[in-house]
Amino acid sequence: MGLAALLIYRIETPYEKIKDINDILDRLTGVMSLGVLISLSVSLLLERWGKDKHIPLKIIFFVLVGAFLVLYYLFLFPDTDNVSMTRLLLIMIALALSFFFIPYLPSKERFEIYVTNVITGFATSAFFTVVLGLGVVAILFAIQSLLYSDMDRRLYADTWVLAWLVFAPFHFLYNLPDSNFKFTLKHFNKVIKIALLYIILPVMAVYTLVLYVYFGKIIITQIWPKGIVSYLVVSYTAVGLVAIFLINPFRTENKWVRVFTTVFTKAIFPLLGMMFISIGIRIGEFGFTENRYFILVIGIWSTLMMIFLNLNKGKNNTVLPVSLAIFALLTVIGPWNAFEISKMSQANRFLQIAAKYDLIQDGKVVKTDQNLALKDRQEITGVLSYFDRSHDLSDLKYLPENFTMDQMKSVFGFEPVYATGVRDDYFSYYMNREFPMTISGYDLFFPLEAYRYQDGGYYYEKELRTEQGKVKLILDNECKLTVQKEGQEIYQYDLGQFIRGLYDKYGNNLGGRIKPEPGVDSDRENLVLKNETDRAKLMIVFYNMHGTFDRDENVLDIDGLSGDVFLTVK
């Protein structure tokens, strides 16, 4: 109720009146959401102990819960940045899992059937909530349309808040199955059973074959995957564990379930090994980040659970949700948490590169005149971007106070050079357009936009009618820029030569921005093409261009470019 009241207050109050406390309200919303799950878990725990009628004990527990939430708000949820929100999310996941297993601790039969009934109850409550919400919204719409056109439209949002945070919880908890009820196979939800037996398990079997074919390809080519295979295997393993957990009651009576469970829990190990090698390559090259940390932890948990399932033969399945809840908590608390490990790893990665060029003196970064290798510039930019995006640049103690990414040129001696997961010969240049440009001396203007089509080519053509006749600008598939006057060619320029010069100077500069320091025009001028012949005078201000350049084959492919063309025909 308190959470619903807070959300309705935020809906009903104009933003201008609460903008100064908006961050506080965000934090209160998060902490109160956490409090709902803690309260539910505590209530289930007291019920499991048979103490749900013991009023003094309940008061003590809920006073402790209130104290914990206050401390969490003050010390663990100081803002709504990435770290705080991730920590909150994982703690809430652990509490949601505890909602399932607390009634069955330490061990009881038919736990899986109880879980399916809880899931069914949740789906039913969600359905009725949507029906109720739509019904009330329809009534409000009718009132607004037919009786009172000035009705406050915020009532629609209020309706959904009340439906989801008041009606839905009461309906769900009222219909929550009794954990002391003696469940049998006939209580297993038929829709879930059909989905598991005839959809999910067959899909998992085919997916296993696909991954094994890919595994064989890796062995043959000796090219180990980077990135995506870890996510594929981890998500596949997680779905498999959930499926095996839920379908376990049918293991003794259904041969297909028995065969799948036996094969899957053994066939998964080579794939998990491939996943560990893949994520290990990424960590070895680029260090830990939160994503890689979580992938590694989920992989470790999945491996341990697969070993457990092989040894346990489907008994005492409360171990799966209990262990997952513990792992979720361990990743965000203690000195081993994902955030501290990732920051330490990235800081060490920064130090290793800085040591090669003696970039740190007396504990601070110093500007260098050395020509750092492109890969090292990308690595340093990547580390700084990680701290800027996921934490705070001040966490990297070697940087000047109040350092920002815009100061890289003055502090490090080079502009940011961003790297992505694309080919090493892919380049992308972008110039900040917020700079004045002198265009006197030119008569015509063409907006240049050329992007490669799906068939591999592109073609740009624009014609203007002038006092001197029809003037046409053409950019063909070979990156030749041509000017025609009354159908006759008067000018041609090979843009490929110009772009090769940029590549020689800036390299990939993936996603990078070419821009000058205050008072310095050199970098900006490098993205301005000026050329003049006895028939035409031309200036192109490029704002964006990207493509690939294969030095070995001396082949330049432009995927797209944009800019402004200024032209005078003589």
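Start by selecting Lys-108, which sits in the loop between α5 (82–101) and α6. Helices here are DSSP runs of H or I of at least four residues, strands are E runs of at least two, and both are numbered from the N terminus. This is a predicted model, in which local features need pLDDT of at least 70 and side-chain atom pairs count only at pLDDT 80 or more, while totals for chains, interfaces and linings use all residues. Residues are numbered from 1 along each chain as its sequence is written, and side-chain values use heavy atoms, with hydrogens and water left out.

Lys-108 is partly exposed, at a relative accessible area of 27%. The scale is this: buried is under 20% relative accessible area, exposed is over 50%, and partly exposed is in between, with a 1.4 Å probe and protein chains only. Show the surroundings of Lys-108: apart from neighbours within four places in sequence, Lys-108 is in contact with Arg-48, Pro-103, Ser-179 and Asn-180. Contact means heavy atoms within 4.5 Å. Then add Thr-318, which is 210 residues from Lys-108 in sequence but 8.5 Å away in space, C-alpha to C-alpha.

Next, select helix α3, residues 22–48. At 1.5 Å a residue, its 27 residues should span 39 Å, and the end C-alpha atoms are 39 Å apart, which agrees. The expected span is 1.5 Å times one less than the number of residues. Gly-50, just after α3, has a positive phi of about 75°.

Move to helix α8, residues 190–221. Its 32 residues should span 46 Å at 1.5 Å a residue, and the end C-alpha atoms are 45 Å apart, which agrees. Centre the view on Leu-196, where α8 has a kink of about 40°. The bend at a residue is the angle between axes fitted to the seven residues ending there and the seven starting there.

Now look at the two ends of α8. At the N-terminal end, Asn-189 acts as the cap, with a side-chain oxygen 3.0 Å from the backbone nitrogen of Val-191. After α8 comes Gln-222, with a positive phi near 60°.

Which residues of α8 are buried? They are Ile-192, Leu-196, Leu-197, Leu-201, Met-204, Thr-208, Leu-211, Phe-215 and Ile-218. An α-helix has 3.6 residues a turn, so residues three or four places apart point the same way. Display α6 (111–147), α9 (228–247) and α10 (255–286) as well, since the buried residues of α8 pack against these helices.

Go on to Ser-342 in helix α13, residues 338–357. Is Ser-342 buried or exposed? Its relative accessibility is 0%, so Ser-342 counts as buried. Leaving out neighbours within four places in sequence, Ser-342 contacts Phe-288, Thr-289, Glu-290, Tyr-293 and Tyr-386.

Three loop residues come next. Asp-362 lies in the loop between β1 (360–361) and β2 (364–365). Asp-362 has a positive phi near 55°, though it is not a glycine, and at 82% relative accessibility it counts as exposed.

Asn-402 is in the loop between α14 and α15. Asn-402 also has a positive phi, about 60°, without being a glycine, and counts as exposed at 66% relative accessibility.

Thr-404 is in the loop between α14 (374–390) and α15 (408–412). Thr-404 is partly exposed, with a relative accessible area of 36%. Its C-alpha atom is 9.9 Å from that of Asp-392, which is 12 residues away along the chain.

Finish at the sheet. Four strands form an open sheet in the order β5-β6-β7-β8, with antiparallel pairing. Two strands pair if DSSP finds at least two bridges between them. β5 (460–466) and β8 (488–494) are at the edges, each with a single partner strand, so one side of each has no neighbour in the sheet. From one strand to the next, the twist averages 15°.

Select β5 and β6 (residues 469–475): seven bridges join this antiparallel pair. Arg-465 has Lys-470 in β6 as its bridge partner. Then show helix α16 (residues 495–506), which packs on the sheet, touching β6, β7 (480–485) and β8, with its direction at about 20° to that of β8. Axes are lines fitted to C-alpha atoms, for helices over the stretch in contact, and angles run from 0 to 180 degrees between N-to-C directions.

The last stop is β7 and β8, an antiparallel pair joined by six bridges. Leu-481 has Tyr-493 in β8 as its bridge partner. The two strands form a hairpin with two residues between them, and Glu-486 in the turn has a positive phi of about 55°.

Conventions. A polar contact is a pair of N or O atoms within 3.5 Å; within protein, one must be able to donate a hydrogen and the other to accept it, and residues adjacent in sequence count only if both atoms are side-chain atoms.
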